[in-house]
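I opened this notebook to record how the strands and helices of one chain are arranged. The sequence and the structure come first, and my entries follow.

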Amino acid sequence: MQELLKAIASGLVERPEEVSVTSEENDNGVMVYHLHVAEEDMGRVIGKQGRIAKAIRVVMRAAATRNDTKVMVEID
C-alpha cells in the first residue's frame with residue numbers, strides 16, 4: 001500500500017525524490033498513511049478544492065478493500 005501511494009504521488013509532483021510515506025496503525029485498527037512531499041509540491045497533491053487529495057484517498061480505500069483492511073491518508 002505504501003508503494004501504491006508513493007507511486008501515485010510521485011507522478012503528480014515536480015520533485016519525486018522528496019516523496020515519502022510513513023504508516024502507523026491507530027487504536028481502531030485503521031492503517032494511517034502519512035504522505036510527505038516538498039513544500040512547493042503540496043498544492044499539486046491537494047489540488048483545487050482538494051479534488052486530487054480526495055481522489056488519492058478513494059484509490060487507496062479501493063485498494064484496501066481488496067485486502068479487507070481500512071486505510072486513511074493524511075497529507076503532511
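The entries below take up the sheet, then the helices on it, then the contact between two helices.

Entry 1, the sheet. I note at the outset that this is a predicted model. I looked up the strand order and found an open sheet of three strands, β1-β2-β3, with mixed pairing. The edge strands are β1, residues 20-25, and β3, residues 71-75, each of which pairs on one side only. From one strand to the next, the twist averages 20°.

Entry 2, β1 with β2. I asked in which sense β1 and β2 run, and how many bridges join them. They run antiparallel and are joined by six bridges. As one position in this pairing, I recorded Glu25, whose bridge partner in β2 is Met31. I then inspected the hairpin of β1 and β2, where five residues lie between the strands. Within this hairpin, Gly29 takes a positive phi near 80°.

Entry 3, β2 with β3. I turned to the other pairing and found that β2, residues 31-36, pairs with β3 in the parallel sense. Five bridges connect β2 and β3. Two positions were checked here: Met31 stands opposite Val71 in β3, and Val32 stands opposite Met72 in β3. Met31 thus appears in both of my strand entries, as the bridge partner of Glu25 and opposite Val71.

Entry 4, helices on the sheet. I asked which strands helix α1 touches. Helix α1, residues 2-12, packs on the sheet and touches β1, β2 and β3. The direction of α1 makes about 145° with that of β1. Helix α3, residues 51-66, lies across β2 and β3, and I noted that α3 runs at about 155° to β3.

Entry 5, α1 against α3. I looked up the packing geometry of this pair: the angle is about 155° and the axes are 11 Å apart. An angle over 145 degrees counts as roughly antiparallel, and α1 and α3 are therefore roughly antiparallel to each other. The crossing in which α1 passes α3 is right-handed.

Entry 6, residues of the helix contact. I asked which residues of α1 and α3 meet. On the α1 side I listed Leu4, Leu5, Ile8 and Leu12; on the α3 side, Ile52, Ile56, Val59, Met60 and Ala63. Sorted by class, the contact of α1 with α3 holds nine nonpolar residues, with no polar and no charged ones.

Terms used
Residues are numbered from 1 along each chain as its sequence is written. This is a predicted model: local features need pLDDT of at least 70, side-chain atom pairs count only at pLDDT 80 or more; totals for chains, interfaces and linings use all residues. Side-chain values use heavy atoms; hydrogens and water are left out. Two strands pair if DSSP finds at least two bridges between them. Axes are lines fitted to C-alpha atoms, for helices over the stretch in contact, and angles run from 0 to 180 degrees between N-to-C directions. Contact means heavy atoms within 4.5 Å. Angles under 35 degrees count as roughly parallel, over 145 as roughly antiparallel, 65 to 115 as roughly perpendicular and the rest as oblique. A crossing is left-handed if the near helix is turned anticlockwise from the far one by less than a right angle, and right-handed if clockwise. Ala, Val, Leu, Ile, Met, Phe, Trp, Tyr, Cys and Pro count as nonpolar, Asp, Glu, Lys and Arg as charged, and the others, Gly among them, as polar.
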